[in-house]
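Dear colleague,

I am passing on the structure below, and after it you will find notes on what turned up when I went through it. Please read them with the model open beside you.

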Amino acid sequence: MVHFITITGIDHYYGKTPFEIGRIARLSKEPENPHDPEAIRVELPVIGTIGYVANSTNTVYRGTASAGRIYDKMGDYAFARVFFVTHSSAIALVLSPDEVEEIDSGKKVIFTVNDEEEPPEADG
């Protein structure tokens, strides 16, 4: 199932700067979070936390899933690809760990989407 999420709280970290269309961020559960037991942190390698998956009716954009709705559908972590950036948040598509590859280029870690090759066309 396809889930879009709202990434909120970005002004408490680095603002819109780390959010580029197509960028992939890691989503990590925070079950010990004192404010929300279904908290999901959004992070980038080296930078760290850049926001959280919205979990309030005041912060979840229409058409996106809250942290509570995806919390039990993911393992300890997943990924999200940024599709839109607004004045105070971002909209991203949730990706499973199987869909993302972590590449260590020696200077920084980056995430890329594993694009499966299309099957060859049948003869005839």
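A good place to begin is Leu 27, whose bridge partner in β5 is Ala 78; please bear in mind throughout that this is a predicted model. The strands concerned, β2 and β5, run antiparallel and are joined by five bridges. On β3, the residue that stands opposite Leu 27 is Val 42, and here too the pairing is antiparallel, with four bridges between β2 and β3.

From β5 the chain goes on to β6 through a hairpin of four residues, and these two strands pair in the antiparallel sense over six bridges, with Phe 79 having Leu 95 in β6 as its bridge partner. At β3, four bridges make an antiparallel pairing with β4, in which Arg 41 stands opposite Tyr 52. The hairpin formed by β3 and β4 has three residues between the strands, and Val 46 in that turn has a positive phi of about 70 degrees.

The strand β3 deserves a closer look, since five of its five residues are buried. Ile 40, Val 42 and Leu 44 point one way from the strand, whereas Arg 41 and Glu 43 point the other way, and all of them are buried.

As to the nonpolar interior, the largest core has 21 residues, and those with the most contacts inside it are Ile 5, Ile 7, Leu 27, Ile 40 and Val 53. At least two residues of this core come from each of β1, β2, β3, β4, α1, β5 and β6. Another core, of six residues, lies apart from it and includes Ile 24, Phe 79, Leu 93 and Val 100. Such grouping fits a general pattern, in that nonpolar side chains tend to be buried together in soluble globular proteins. Val 53 may serve as an example from the largest core: leaving aside neighbours within four places in sequence, its contacts include Ile 5, Leu 27, Ile 40, Val 42, Ala 65 and Ile 70, and also Thr 6 and Ser 66.

Turning to charged side chains, the structure holds four salt bridges. One of them pairs Arg 26 with Glu 43 at 3.6 Å, N to O, and because Arg 26 lies in β2 and Glu 43 in β3, the pair ties together parts that are 17 residues apart in sequence. Arg 26 is partly exposed, with a relative accessible area of 24%, whereas Glu 43, at 15%, is buried. Glu 43 also meets Arg 41 in a salt bridge of 2.9 Å, N to O, and salt bridges that share partners join Arg 26, Glu 30, Arg 41 and Glu 43 into one network. Another salt bridge links Arg 23 and Glu 20, with their closest N and O atoms 3.7 Å apart; Arg 23 counts as partly exposed at 29% relative accessibility, and so does Glu 20 at 44%.

Which charged residue is buried yet has no salt bridge? That is Asp 36, for which the nearest side chain of opposite charge, Lys 29, is 12 Å away, so the pair falls outside the requirement that the nitrogen and oxygen be within 4 Å. Asp 36 sits in the loop between β2 and β3, and its side chain makes a polar contact of 2.8 Å with that of Asn 55. Not counting residues up to four places away in sequence, Asp 36 touches Glu 30 and Asn 55.

With best regards

Methods
Residues are numbered from 1 along each chain as its sequence is written. This is a predicted model: local features need pLDDT of at least 70, side-chain atom pairs count only at pLDDT 80 or more; totals for chains, interfaces and linings use all residues. Side-chain values use heavy atoms; hydrogens and water are left out. Buried means under 20% relative accessible area, exposed over 50%, partly exposed in between (1.4 Å probe, protein chains only). Lys and Arg count as positive and Asp and Glu as negative; His and the chain ends are not counted. A polar contact is a pair of N or O atoms within 3.5 Å; within protein, one must be able to donate a hydrogen and the other to accept it, and residues adjacent in sequence count only if both atoms are side-chain atoms. Contact means heavy atoms within 4.5 Å. A nonpolar core is a set of buried Ala, Val, Leu, Ile, Met, Phe, Trp, Tyr and Cys residues joined through side-chain atoms within 4.5 Å. Two strands pair if DSSP finds at least two bridges between them.
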